[in-house]
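Let's take a walk through a protein model together. Keep the sequence and the 3D view open beside you as you read.

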Amino acid sequence: MQFPALQPDSLGCEAAQQLPVAVVNEQHCIVQLNAVAGQRGIALNMALGTAAALCPNLQLLPYQPQLQLNILQSVAQQLYQVTADIALDPPDGLYIRLCNMLQLYQGLAGYWQALSRELKLLPYRYYYASGATPFAAKCLARQQLNLLTGEPDALATALNHSPLRFTELDTDSQQQLQRLGINTLGQLLALAQAELARRFDSSLLSYLGRLRGSFYHALHYIKPEHSFSRYVELLYDIIDTAVLSKPLQALLQQLEQQLQRINAACHQLQLSLLFRGMPAHRLSIGSAQGEYRAANWLKLCQLQLDKLKLTEPVSGLQLEVTAFVAQQSQSDDLFQPVPGAVSPLQLVSLLQARLGYHCVSGLTLQNQHLPEQASQRPLPLLAGKSAVTALALRPAFLLAKPQQLTETVEISHGPERLCPDGWALDAQRDYFIGRNSKGQWLWLYRTAQQQWFVQGIFS
Amino acid sequence: MSALLEQLARRQLVWQGNSQHTAYQAVSSGYAELDQQLAGGFPASGLIDIQTGPGIGELRLLLPYLQQQQSSGRLLVLISPPAQPCADMLCAAGIVLSQLVIVTPKTSKDALWAAEQCLQSGCCASVLLWQVPLKLAQARRLQLAAEQGAASVILLRRPMDGLSLPVNLSIKLQPHRQGVLLSVQKRKGGWPAAPFLVDMQNRWPGLCFTTEQHWQARRKAS
């Protein structure tokens, strides 16, 4: 399968499809073009000057091998849903092994129907052909034959008529063969191998061997990824965080698709806002309960984006997920259905996203007799040690810092002596419960120096 | 005549005597005299307004109720508590700490937002909200969110005069040596009641003066 124009076709917007777009390489030679550019008379391998003369409003993109590879990988991931063995053939091809899928789809017609349904969802143009070996199929696909058949005779005829420029042979060998009067692959295949070996180097023989299928051709089949990383270049700079949610939603939807396919969820997203003149701003958005739905992630992202003040317009968005987890279905109570589909973990994530991580906490009881150390504020919804027994008569609220007692109180209970360490007798405190004139119940202590402090309030 | 009555009833301007018991579902407060006054206890859902000074026993009054609310496995949320909550006291009162979430927002706007989210979620049984100024529309919003999530929101604020809020129950607490002095200011499907004493001597003997101590103090003073 060959994709002639991955880069121009990946420009998603409507406006880009109305304009002639071409991709030029470093030698100023046109390597890819979209349909509109083709209609204006621009052809592949045309020099940049000629193309610009033919079509003054030609939009040019630089050729980016890494981007090309990323697009190819995303196509392969998409097709992986319907077919098992896919190998990449950079820069613009995919090998798909048919033989082990035909039984599942009950023949070539059914298989092609499933495959083309997936391909229709993608914006890329493609050409395809089948063959007995990878190189045979590639040679036919590059001729843009769109030949899909299982009959060996038809394939052999097509292959024999293939001109040499569609093969993998280097230009020197092709020229040498043309000087010998060999123009098609059929003529080359008809020659005896021993004769060829005497005149040409081993690469020609190895190619022919793999074309015939007499040599083994190793392919690296892709495996589904367990991470997600997508970048979207914004068509115009965005300063308003509310507008950002639109391109972000598209990214999250892609994530949802990928997660849904492998029945996974993720706990954390890394969202980077890229600026032109500043280092990228990274946000990490978490969901305590693993989440895959784009709508829920978008809600969490928006809460974080709302807090953000952008000083410079955003030029690109990068979304990364490094770890996936298995989706866990939670069982709800059948007899007492609780209204609202939010679980405690989801609620906590929502609160954390808007208020900040440190503003939402739980409470655990530690096995400590000192009041400052007995309560701890960890992350919420964690089960603490259950064996710890609570001490009797402790206040509901502890002041962050003990305050000097400045009013008269009526003591009702005490003293209770607490000592931080067995030997630090100077630091020992005698605790009392007292009631002041306003009727408030206070937790007081007297230090060894006979000073009185308020440490807590019984509410 | 009946058409007019029907019209008034539809606009909720007329209360009928037989609809009293359906005003709200009550959960026992744990104090017998209070249950009797409130016809069963505190409301299981909706807005409860408590006007109280800090530290006079308002949380002790609520703890048995909160513990029952939590027993369904749902969360208890404390929003902007006045100081660091103490695990010992809550644990001793039977509150499950793993079902407790403490939220400390920076602004009262965030506090109200958090309260509304918690109430709507359906996974919280009760939300305690401290000292947040509440307008009529915001109170109505909280009330609706609470009904949607079948949760109760308890607003603890200083006694103040102002417009009456749309609440299921509004009570005012005053300090007392044997507990708290409680007056019902407004109750859905009921009448306001005169101040009465909620006696905490059985539940919290360490935090009450017994009558003997009381008379001793009187004698000293005289």
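A salt bridge here is a side-chain nitrogen of Lys or Arg within 4 Å of a carboxyl oxygen of Asp or Glu. With that in hand, look at where the two chains meet: across the interface of chain A and chain B, the rule finds 2 salt bridges. One pairing to find is B:Asp110 with A:Arg354, whose closest N and O atoms are 2.9 Å apart.

Before going further, a word on what you're looking at. This is a predicted model, where local features need pLDDT of at least 70, side-chain atom pairs count only at pLDDT 80 or more, and totals for chains, interfaces and linings use all residues. Residues are numbered from 1 along each chain as its sequence is written, chains are lettered from A and ligands numbered from 1 in the order in which they are written, and side-chain values use heavy atoms, with hydrogens and water left out.

Back to the interface. How many residues of each chain are in contact with the other? It's 49 residues of chain A with 51 residues of chain B, where contact means heavy atoms within 4.5 Å. Together the two chains bury about 4400 Å², and 63% of that is on carbon and sulfur atoms. (Buried area is the accessible area, taken with a 1.4 Å probe, that two parts lose on being put together, summed over both.) On the chain A side, A:Leu363, A:Phe397 and A:Ser459 supply 16% of the area buried against chain B, more than any other three residues.

Now for salt bridges in general: a search of the whole structure finds 16 over all chains. Take A:Lys138 and A:Asp89, with their closest N and O atoms 3.0 Å apart. A:Lys138 is in helix α8 (residues 134-142) and A:Asp89 in strand β4 of chain A, so this pair ties together parts that are 49 residues apart in sequence. (Helices, H or I with at least four residues, and strands, E with at least two, are DSSP runs numbered from the N terminus.) Are these two partners buried or exposed? A:Lys138 counts as buried at 16% relative accessibility, and A:Asp89 counts as buried at 14%. The cut-offs are these: buried means under 20% relative accessible area, exposed over 50%, and partly exposed in between, with a 1.4 Å probe and protein chains only. This pair also belongs to a network of salt bridges that links A:Asp89, A:Lys138, A:Arg142 and A:Glu168.

Chain B has a pair worth finding too: B:Glu116 and B:Arg141, with closest N and O atoms 3.0 Å apart. B:Glu116 sits in helix α5 (residues 108-121) and B:Arg141 in helix α6 (residues 136-148) of chain B, so the pair ties together parts that are 25 residues apart in sequence. Here the partners contrast: B:Glu116 is buried, with a relative accessible area of 13%, while B:Arg141 is exposed, at 52%.

One more pair, A:Glu416 and A:Arg394, meets in a salt bridge at 3.3 Å, N to O. A:Glu416 is partly exposed, with a relative accessible area of 28%, whereas A:Arg394 is buried at 2%. A:Glu416 also leads us to a hole in the protein, as it is one of the residues lining the largest cavity, together with others including A:Leu393, A:His413 and A:Trp443.

What's a cavity? On a 1 Å grid over the protein atoms alone, it's a set of points where a 1.4 Å probe fits but cannot get out, and lining residues have an atom within 4 Å of a point. Grid points are joined across faces, edges and corners, and a volume is the space filled by probe spheres set on the points. The count comes to 2 cavities of 30 Å³ or more. The largest has a volume of about 40 Å³, and its lining divides into 5 nonpolar, 2 polar and 1 charged residues. (Ala, Val, Leu, Ile, Met, Phe, Trp, Tyr, Cys and Pro count as nonpolar, Asp, Glu, Lys and Arg as charged, and the others, Gly among them, as polar.) The second largest holds about 30 Å³ of space, and its lining has 8 nonpolar residues, no polar and no charged. Among them are B:Leu59, B:Leu66 and B:Trp130.

Finally, some backbone details. The peptide bond from A:Pro90 to A:Pro91 is cis, with omega near 5°. A:Gln450 has a positive phi of about 65° although it is not a glycine.

Definitions and conventions. On a 1 Å grid over the protein atoms alone, a cavity is a set of points where a 1.4 Å probe fits but cannot get out, and a pocket is an open set with protein on both sides within 12 Å along at least five of seven lines; lining residues have an atom within 4 Å of a point.
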